Amino acid sequence: MIINVVFRRGGSCNDIAPTDGNSIPDGVTFVRIRSQFDSSFAKLDYDCNTFVDILKKHSMKIPTIDLKEFDELCPEYLALLVTCFGKAECLCLTDGLVGDAGYSCLMSCFLQQDGPTELEFHARNNDFSTSQAQLFFGGIGYSSTLKQLNVIRIEDEPSPFADEQAGRALVDALRRNRGLESLWISNGIFYEDASNEIMPRVFEVAIMETQVRDLDIEQCSIPYDTMVEVLCREDCSLEKLSTKSVRYLPQSSSQFAKTTDAENMPKNSSVKKCAMHYAGLESARVMDVLGIFTSLVDLDLSGNQIEDLSPFDPLLLGDNLTLRRLVLSENNIGDNEAAVFFRKIPNMKCLRVLDMDDNLFLKRFFHRRRLSLARGTEDNSEPLWLSVLADISWRNIPLDQISLGTSEWYYDPLIWSKVCVPLWLNRGGRRDLEPLDLSSNTPIGENLWPLVLQRAGKISYCNPGLHWRPELDKEKPELNVVYWLLREKVQFLS
């Protein structure tokens, strides 16, 4: 049996070749192994048994082994699977566990005391039988080394697990495995009917009965009272919650109002990072769902239906706040609402990063810019929201990074010069050199200047231009930051 092997060090494009064909190259961080029928990424051909011997002789564990696209099950492949299982810190599997024998072999691997700490399983089709699902999830339940589990359905493929018995096997595995710290159940691995029955149980068990700190689930519906009950337990230890296309459903139309109007509404203080992508959230329901969280540092609400930003005031304005990063991309925020929100930025003492990509106000702005370029004219007129941003960006404000682009128009020189470059000053150390309270004239000690200027000179940026090619446009120092720091300091002292 011939296999194709790629060795990589560091990034995804850093392929390396071994000095000889009898050992793993030094410093390898990634090994991709494919069947001989897929040669698109192949660099070296090995006899499967020979490569198994090479892997066994390698003294160190390999950070990532990617084993994929094997169409036949044979003893040589099973030997390769067992060896990779013992040599990988992270094992990625896609297409290769053919038949009950493959899943039985994998289950026996989970009983090893020296298996991988991370398993990424890409499910491509719906050929899984109930017994195979039970073998797969049963093995996960018995693993003593597994810390992170990612089960991912490949896009545009049918849901691989068709019945509730497979879902119950997953729930049982979570209850049995007390070592899991991170769980990602992705892209609707269960059929829709089964998913809406199973995923709330996965949500509940993962938080209440395991050590999971990082939970990522997709494509299901979870009753709102279940979310509140699970997340607001005193012993909840979840730190990161990420959902995509997950709807939080009230049992009745008045349930949100009854819950959120109460002064003693249940709270969660453990979750620091929360992402709710494509949850169908409207402005009126934002705090209904988010009101339980008291310690958020990072909040991502991209892909919802938010128009009014005033519900975010409790998270952004006031004292003793924690939110440092807010992502509101792909919502329905218009020009006037954007201007009103941007005027409040100087009073957002904690916020450092703001992402507003792909909102209505940007799409309209870039549409006008595109039309002016097509006509051969240059339209530098500023909408109100841009004038507001241009004004506050030159102040010493807590915010130091903002994203204002669309999927079709990533970069605009007007926004870059008026908003983005001035904010680099904050990252460059402006808040170290002058107080946020401009009424105070207390100068910073001159002994800090070398440190701040050294830090400012190392800030890198990528000026993408209108034809951005990340592989060619390397990041470079933003020396304008040093210039403007010096210029503003002279003005401040005078």
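The legends below describe close-up views of a predicted model.

**View 1. Cys-105 and Cys-109, two cysteines without a disulfide.** A search of the whole structure returns zero disulfides. Cys-105 is accordingly unpaired, and the nearest cysteine sulfur to its own belongs to Cys-109, 4.5 Å away. Seen from Cys-109, the closest cysteine sulfur is that of Cys-105, and the 4.5 Å between them is too far for a bond. The cut-off for a disulfide is a sulfur pair within 2.5 Å.

**View 2. Surroundings of the two cysteines: buried or exposed?** Cys-105 has a relative accessibility of 12% and therefore counts as buried, because the limit for buried is under 20%. Cys-109, with 1% relative accessibility, also counts as buried.

**View 3. Helices H1 and H2 at their crossing.** H1 covers residues 48-57 and H2 covers residues 75-87. Their axes come within 10 Å and cross at roughly 20°. The two helices are therefore roughly parallel to each other, since angles under 35 degrees are classed that way. The handedness of the H1 and H2 crossing is left-handed.

**View 4. Residues in the contact of H1 with H2.** On the H1 side, the contact is made by Cys-48, Asn-49, Phe-51, Val-52, Leu-55 and Lys-56. H2 contributes Glu-76, Tyr-77, Ala-79, Leu-80, Thr-83, Cys-84 and Lys-87. By class, the residues of this contact comprise eight nonpolar, two polar and three charged. Among the residues shown are the cysteines Cys-48 of H1 and Cys-84 of H2; the search of the whole structure finds zero disulfides.

Conventions: Residues numbered from 1 in each chain as written. Predicted model: local features only at pLDDT ≥ 70, side-chain atom pairs only at ≥ 80, totals over all residues. Heavy atoms only, no water. Buried < 20%, exposed > 50% of the residue type's maximum accessible area, 1.4 Å probe, protein only. Axes fitted to C-alpha atoms, helices over the stretch in contact; angles between N-to-C directions. Helix = DSSP H or I, 4+ residues; strand = E, 2+ residues; numbered from the N terminus. Parallel < 35°, antiparallel > 145°, perpendicular 65-115°, else oblique. Left-handed = near helix turned anticlockwise from the far one by under 90°. Contact = heavy atoms within 4.5 Å. Nonpolar A, V, L, I, M, F, W, Y, C, P; charged D, E, K, R; others polar.
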